[in-house]
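Dear colleague,

Please find the structure below, passed on for your records. A short account of the findings comes after it.

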Amino acid sequence: MDLLEKINSGLTRVLEWFLIVTFAVFLTIVFLLVVMRYGFSYGITGSNEFVVICFIYTSAIGMAVGVTRHEHIAITVIIDLLPRTVKLATYVLGLACIAVINAVLAWLSIDWMSKAGHYPWQPFEMPQMFVHMSIFIGC
């Protein structure tokens with residue numbers, strides 16, 4: 001169990017740093033876009049799309065980090081009243097339900113990426129699979 005906790009802790013730390021960098025990048029781009037648009041009446045081609053994709057990735061990965069840190073949204077009024085063993089069983093059941101839902105979403109997203117992921121993503125002329133992968137990565 002100690003090895004799994006170290007792997008979980010390390011992976012969570014890597015994802016947190018990825019989120020920090022991605023969030024800083026898209027905030028910087030948004031700030032520059034606002035200054036350039038209203039100050040100089042000029043924009044950067046493709047920057048709005050890039051910001052949206054950064055936001056999607058930070059949301060998907062941020063949800064995964066939130067679940068890992070037990071900071072996801074939960075209403076625990078009834079569960080808090082239960083004995084410790086029943087509380088633990090409901091927690092494990094909840095994690096099992098999340099795992100099943102994520103597995104189904106991951107499976108469906110692979111099928112979706114194989115059908116729609118080859119279309120070009122404007123304005124970068126890259127496959128849309130890079131955009132669609134955010135769902136799979138978030139799972």
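The notes below cover a charged pair, a helix residue and the nonpolar cores.

This is a predicted model, in which local features need pLDDT of at least 70, side-chain atom pairs count only at pLDDT 80 or more, and totals for chains, interfaces and linings use all residues. Residues are numbered from 1 along each chain as its sequence is written, and side-chain values use heavy atoms, with hydrogens and water left out.

The structure holds one salt bridge (a side-chain nitrogen of Lys or Arg within 4 Å of a carboxyl oxygen of Asp or Glu). It joins the side chains of K6 and D2, at 3.9 Å from N to O. Both residues belong to helix α1 (residues 2-40) and stand four residues apart, about one turn of the helix; helices are DSSP runs of H or I, at least four residues, numbered from the N terminus. K6 is exposed at 57% relative accessible area, while D2, at 49%, is partly exposed (buried is under 20%, exposed over 50%, partly exposed in between, with a 1.4 Å probe and protein chains only).

Helix α1 also contains T12, which is buried at 10% relative accessibility. Beyond its neighbours within four places in sequence, T12 is in contact (heavy atoms within 4.5 Å) with V65, T68 and R69.

The largest nonpolar core (buried Ala, Val, Leu, Ile, Met, Phe, Trp, Tyr and Cys residues joined through side-chain atoms within 4.5 Å) has seven residues: L19, I53, Y57, I61, V65, W121 and V131. Helix α2 (residues 47-68) supplies the largest share of this core, four residues. Another core, of five residues, lies apart from it and includes F26, L33, V51 and C54.

Yours sincerely

Technical notes. Helices (H or I, at least four residues) and strands (E, at least two) are DSSP runs, numbered from the N terminus.
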